[in-house]
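The exercises below ask you to read a structure step by step, each with a worked solution. Please keep the sequence and the model open side by side as you go.

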Amino acid sequence: MTATALPGHPHIAYRDGELCMEGVRLSALAKTHGTPLFVYSKASMLAALAAYQRGLAGRKVQICYAMKANSNLAILQIFAQAGCGFDIVSGGELARVLAAGGDPRKVIFSGVGKTRSEMQQALKLGIACFNVESQAELEVLNEVALALNTQAPVSLRVNPNVDPQTHPYISTGLKGNKFGVAHEHALETFQRAAALPGLRVVGIDCHIGSQITQESPYLDAMDRVLDLVAQVEAAGIAISHIDFGGGLGINYKGETPPPADHLWFALLSKLDARGFGERQLMIEPGRSLVGNAGVCLTEVLYLKPGEQKNFCIIDAAMNDLPRPAMYQAFHDIAPLKPRSGQSTLMDVVGPVCESGDWIGRDRDLHVQAGDTLAVLSAGAYCMSMASNYNTRGRAAEVLVDGEKSHLIRERESAADTFQGEHLLG
Ligand code: LLP
């Protein structure tokens, strides 16, 4: 038996001419569950987590998986059982923590627009910390906590004004972004928080962006955050934890982000050199824990040769895989059973009625109608951003664990998509 792992995807390999994930043939899953189908490798997720755990070994650290990347309950369960807390951005995500058996005391609540009822829900469950993003939010959180006769643990998200060198839509730490408190207003905002009786200052956090593939923006952000910690503590406000935000970028198209343990070696050296090595640390990785663990299987419906372009029309669309339409993102596409012979340049597109509904442009493929393709690096920000546009039910999800596979989400039916709607009269 010959096996060739796909570069950057150690748990996905061609074995005897067939694409497999761990010990399972992907074509068998497509046959059993239909397409489009998301399939995730448990081993790949745990290996990605282990790289962070290695890099942070011996430190006081809580890894909080940013579930916005992929919030399927079974995936949350895997991370909860591996000791992770969760970074959440809504009351809905908090409900998922509970449904998956996660510990609310390991939850941090991020986001610029928390509602009063979300704050109440989180306070009652005793979450670890609210990552507050504005002075106005501080005032409301204070009121909500006082009304419940409690104190809210607060970290202030500061905006370090560092360029993460990533797509503008997923860059969050620059001055023009809606996120965080500007570096120059951080001290006064910490002072305000410390003065409010319903709040207890516990930390500082930052998040400069997503899909970052270089070390330097992290190191620069750490410097800026540590400057602030020193400044705030000199003003008499203790900061017990430092949260460095989201995780690394992944390989979509040959990018080579540093391995998480290497990055953390560099970051911890700086932390130690500046005398902060003993602090409680938090990180909120999402994409890097799940992105390359997942694929989306899709069937080729039609080939449509054209004068200017050839189209390969598949049964997955922008409602299943929104990243190309939203960010012009690249996802590699691999046939489950490669054919020998001449390949053709084609655009891979979905059935949705929008020209923006493309999944891959100018791909060199040798395929026929009825073939199944795997859209790679589809574990993060695909299913969690999927919609019902064109009344398309969302795809099913399967988790592979060694030789076994588990259906972890049913395919939505048409009736599911309009459940809750009402006819008149
Ligand atoms: N923490 C905060 C406060 C965040 O805003 C994010 C992501 C994370 C953690 C997780 O970052 P990660 O480790 O995944 O880079 N939909 C976009 C990505 C949006 C990211 C938003 N924030 C995409 O598909 O590329």
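**Exercise 1.** In this predicted model, find which residues Arg-116 is in contact with, leaving aside its neighbours within four places in sequence.

*Solution.* Begin with the element, since Arg-116 is found in helix 5, which covers residues 116-125. Next, list the partners beyond the four neighbouring places, and you arrive at Val-140, Glu-143 and Val-144. For one of these partners, Val-144, the position along the chain is 28 residues away from Arg-116, while the two C-alpha atoms are separated by 6.8 Å. Finally, consider the exposure: Arg-116 has a relative accessible area of 43%, and because buried means under 20% and exposed means over 50%, Arg-116 is classed as partly exposed.

**Exercise 2.** Describe helix 3 by stating what caps its N-terminal end, which of its residues are buried, and which residue follows it.

*Solution.* Start at the N-terminal end, where Asn-72 acts as the cap, with a side-chain oxygen 2.8 Å from the backbone nitrogen of Ala-74. Then move along the helix, residues 73-81, and pick out its buried residues, which are Ala-74, Ile-75, Leu-76, Ile-78, Phe-79 and Ala-80. Last, look past the helix, where Gly-83 follows with a positive phi, near 100°.

**Exercise 3.** Decide whether Gln-62 is buried or exposed, and work out which backbone oxygen lies 3.3 Å from a polar atom of its side chain.

*Solution.* First place the residue: Gln-62 belongs to strand 6, residues 61-66. Its relative accessibility is 16%, and because the cut-off for buried is under 20%, Gln-62 counts as buried. The backbone oxygen in question is that of Gly-83, the residue that follows helix 3. Gly-83 is also one of the residues in contact with Gln-62 beyond four places in sequence, and the others are Cys-84, Gly-85, Lys-106, Gln-280, Leu-281, Met-282 and Ile-283.

**Exercise 4.** Explain why the ligand is said to lie between domain 1 and domain 2.

*Solution.* Begin with the division of the protein into domain 1 (3-41 + 291-414) and domain 2 (110-285). The contact between them takes 14 residues from domain 1 and 8 residues from domain 2, and the domain centres, taken over C-alpha atoms, are separated by 35 Å. The deciding step is that both domains give residues to the shell around the ligand, so the ligand lies between them.

**Exercise 5.** Describe the surroundings of the ligand, stating which residues come nearest and where Ser-210 is placed.

*Solution.* There are 17 residues around the ligand, and Ser-210, Glu-284, Arg-323, Tyr-327 and Tyr-381 are the ones that come nearest. By type, the shell divides into 6 nonpolar, 5 polar and 6 charged residues. Turning to Ser-210, we find this residue in the loop between strand 12 (199-205) and helix 8 (216-234), where it counts as buried at 14% relative accessibility. An N or O atom in the side chain of Ser-210 is 2.5 Å from an oxygen atom of the ligand, and the side chain of Ser-210 also makes a polar contact, at 2.8 Å, with the side chain of Arg-287. Arg-287 in turn has a polar backbone atom 2.8 Å from an oxygen atom of the ligand, while for Tyr-327 a side-chain N or O atom is 2.7 Å from a nitrogen atom of the ligand. To finish, the ligand on its own has 590 Å² of accessible area, of which the protein covers 92%.

Note on methods
Residues are numbered from 1 along each chain as its sequence is written. This is a predicted model: local features need pLDDT of at least 70, side-chain atom pairs count only at pLDDT 80 or more; totals for chains, interfaces and linings use all residues. Side-chain values use heavy atoms; hydrogens and water are left out. Helices (H or I, at least four residues) and strands (E, at least two) are DSSP runs, numbered from the N terminus. Buried means under 20% relative accessible area, exposed over 50%, partly exposed in between (1.4 Å probe, protein chains only). A polar contact is a pair of N or O atoms within 3.5 Å; within protein, one must be able to donate a hydrogen and the other to accept it, and residues adjacent in sequence count only if both atoms are side-chain atoms. Contact means heavy atoms within 4.5 Å. A residue is near a molecule or strand if one of its heavy atoms lies within 4 Å of it. Accessible areas come from the Shrake-Rupley method with a 1.4 Å probe; for residues, only the protein chains shown count as cover. Ala, Val, Leu, Ile, Met, Phe, Trp, Tyr, Cys and Pro count as nonpolar, Asp, Glu, Lys and Arg as charged, and the others, Gly among them, as polar. Domain bounds come from an automatic or database domain assignment.
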